[in-house]
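I opened the notebook for this entry with a plain aim, to go through the model step by step and write down what each look-up returned.

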Amino acid sequence: MSNNSQSMSFNAGQAKGQTQEKASNLMDKASNAAQSAKESLQEGGQQLKQKAQGASEAIKEKTGLNK
């Protein structure tokens, strides 16, 4: 293999490795963003559930159904 051919092969290998690393980093970022969104939704859901339970208790007290 000539020096030029070896150099081209080496450069192609480097480019492939860099592309794989960038893709891996992008996938990590996407995964982190998805996890963050999931946690935010779960937190919002918990807050909504607590508000609904509070409203339900208030209605029970006003109507006398909690006795």
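I began with burial, and of the 67 residues of the protein, 0% count as buried. I note here that I am working from a predicted model, and I keep that in mind for every value below. For the surface as a whole I found that the protein exposes about 6,100 Å², and that carbon and sulfur atoms supply 54% of this area.

I next asked which secondary structure elements the protein has. The assignment gives 1 helix and 0 strands. Helix 1 runs over residues 3-63, which makes 61 residues, and I read 89 Å from its first C-alpha to its last, close to the 90 Å expected at 1.5 Å a residue. Just after helix 1 I came to glycine 64, where phi is positive, at about 80°.

I then looked at the overall dimensions. Taken along the principal axes, the box filled by the C-alpha atoms of the protein is roughly 90 × 10 × 5 Å. The radius of gyration of the protein is 29 Å, whereas a compact globule of 67 residues would have one near 11 Å.

To follow one residue along the helix, I picked lysine 38, which lies in helix 1. Its C-alpha atom and that of serine 5 are separated by 49 Å, the two residues being 33 residues apart along the chain. I also asked whether lysine 38 should be entered as buried or partly exposed. Lysine 38 has a relative accessible area of 45%, so I entered it as partly exposed, since that class covers the values between the cut-offs of 20% and 50%.

For the charges, I recorded 9 positive and 6 negative ones in the protein, with their mean positions 5 Å apart. Side chains of opposite charge can pair when their charged atoms come close, and I therefore wanted to know how many salt bridges a search of the whole structure finds. The search returned 1 salt bridge, and I traced a salt bridge to glutamate 57 and lysine 60, whose closest N and O atoms are 3.8 Å apart, a distance that meets the requirement of lying within 4 Å.

I checked how these partners are placed, and because glutamate 57 and lysine 60 are 3 residues apart in helix 1, about one helical turn separates them. On accessibility, I noted glutamate 57 as partly exposed, with a relative accessible area of 39%, and lysine 60 as partly exposed too, with a relative accessible area of 34%.

Technical notes
Residues numbered from 1 in each chain as written. Predicted model: local features only at pLDDT ≥ 70, side-chain atom pairs only at ≥ 80, totals over all residues. Heavy atoms only, no water. Helix = DSSP H or I, 4+ residues; strand = E, 2+ residues; numbered from the N terminus. Expected span 1.5 Å × (residues − 1). Rg over C-alpha atoms; globule rule 2.2 N^0.38 Å. Buried < 20%, exposed > 50% of the residue type's maximum accessible area, 1.4 Å probe, protein only. Areas by Shrake-Rupley, 256 points an atom, 1.4 Å probe, with all protein chains shown as cover. Lys, Arg positive; Asp, Glu negative; His and termini not counted. Charge placed at Lys NZ, Arg CZ, Asp CG, Glu CD. Salt bridge = Lys/Arg side-chain N within 4 Å of Asp/Glu carboxyl O.
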